[in-house]
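Biologist: Before accepting any label attached to this model, I should like to hear the criterion behind it. Please set each value against its definition.

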Amino acid sequence: MTAHEIDYRIYGEEMQYVEIELDPQEGVIAEAGSFMMMDDGIKMETIFGDGSQKDTGFLGKILGAGKRILTGESLFMTAFYSTLPGKHKVSFASPYPGKIIPIDLTRFGGKFICQKDAFLCAAKGVSVGIEFSKRLGRGLFGGEGFIMQKLEGDGMAFVHAGGTMAMKELKAGETLRVDTGCIIGFDQSVDYDIEFVGGIKNTIFGGEGLFFAKLRGPGTVYIQSLPFSRLAGRVLASAPRGGGKDKGEGSILGGLGDLLDGDNRF
């Protein structure tokens, strides 16, 4: 498997986008909806699966599309190709506040495992597949279900993290316990399992769920500080209810406080 060689640059701090520079006939694949802008000379094409060598032929394309359904993604991906002489650029934006992480798959032995919604884009030729959990406990309680995504090949891929990203290099036998939703991804040498929090008070009143993710080295692990599910939950909890009024958060005056501070929504 030989992926296209691409150059890239990441812009921004909290709402990032990645700009990818393509030579003639080079291409990049991306999740539907992540496209931001492109130069003249870039051709866009909607494809089944990921367009890698594993998806050649009609049956391969059907299987590639089926893998994406299992991970909760769209049937289709979008491919962008440079069709004119010279270098041309195409950019992809992060879906919510956080960081875009470049993953050189050659550094990870050709395979990187990530959560289902982390993948943003990759060089043409990178395979975007599924990683089934072989452990019942991990599948039922691991926060990502039985299925995670795996990125395979020898090219560049880009994943997205919510909030701030932390990278941990685990030594052989070293263990890291993480909230199940805070995992971005890890390389294939990392052993991933779940662990019961333990203790009646922790279980009932801790507010952190019943299980930790337990990651055992050696290998590299990427952690995010703000999973999208947590962000969405905070937004939903603060959304106006009952006639469209908010709860006057931060003011003992409630609605009257809104009138005084300029928030005049009714």
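Biologist: What makes the approach of the side chain of Arg 216 to the side chain of Thr 175 a polar contact?

Modeller: A polar contact is a pair of N or O atoms within 3.5 Å; within protein, one must be able to donate a hydrogen and the other to accept it, and residues adjacent in sequence count only if both atoms are side-chain atoms. The side chains of Arg 216 and Thr 175 make such a contact at 3.3 Å. The side chain of Arg 216 also reaches the backbone oxygen of Gly 173, at 3.5 Å. The model is predicted: local features need pLDDT of at least 70 and side-chain atom pairs count only at pLDDT 80 or more, whereas totals for chains, interfaces and linings use all residues. Residues are numbered from 1 along each chain as its sequence is written, and side-chain values use heavy atoms, with hydrogens and water left out.

Biologist: Why is Arg 216 called partly exposed?

Modeller: Its relative accessible area is 33%. Buried means under 20%, exposed over 50%, and partly exposed in between (1.4 Å probe, protein chains only), so Arg 216 falls in the middle class. By contrast, Cys 114 has 0% relative accessibility and counts as buried.

Biologist: Which residues does Cys 114 touch, beyond those up to four places away in sequence?

Modeller: With contact taken as heavy atoms within 4.5 Å, Cys 114 touches Met 148, Gln 149, Leu 151, Val 159, Ile 184 and Gly 185.

Biologist: How do you know that Asp 23 and Lys 87 form a salt bridge?

Modeller: A salt bridge requires a side-chain nitrogen of Lys or Arg within 4 Å of a carboxyl oxygen of Asp or Glu. For Asp 23 and Lys 87 the N to O distance is 2.7 Å, and the criterion is met. Lys 87 also forms a salt bridge with Glu 21, the closest N and O atoms being 4.0 Å apart. Through shared partners, Glu 21, Asp 23 and Lys 87 are joined into one network.

Biologist: What are the exposure classes of Glu 13 and Lys 99, whose side chains meet in a salt bridge?

Modeller: Glu 13 is exposed, with a relative accessible area of 56%, while Lys 99, at 19%, counts as buried. Their N to O distance is 3.9 Å. The pair links distant parts of the chain, 86 residues apart: Glu 13 is in the loop between S1 and S2, and Lys 99 is in strand S8.

Biologist: Why is S8 described as largely enclosed by the rest of the structure?

Modeller: Strands are DSSP runs (E, at least two residues), numbered from the N terminus. In S8, residues 98–104, 5 of the 7 residues are buried, so the strand is largely enclosed.

Biologist: How do you know that S8 is paired with S13?

Modeller: Two strands pair if DSSP finds at least two bridges between them. S8 and S13 (residues 156–162) are joined by 7 bridges and run antiparallel. One of the partnerships is that of Ile 103 with Ala 157 in S13.

Biologist: What makes a set of residues a nonpolar core, and which residues have the most contacts inside the largest one?

Modeller: The members are buried Ala, Val, Leu, Ile, Met, Phe, Trp, Tyr and Cys residues joined through side-chain atoms within 4.5 Å. The largest such core has 39 residues, and Ile 20, Phe 92 and Cys 121 have the most contacts inside it. Apart from it lies another core of 13 residues, including Ile 113 and Val 178.

Definitions and conventions: Helix = DSSP H or I, 4+ residues; strand = E, 2+ residues; numbered from the N terminus.
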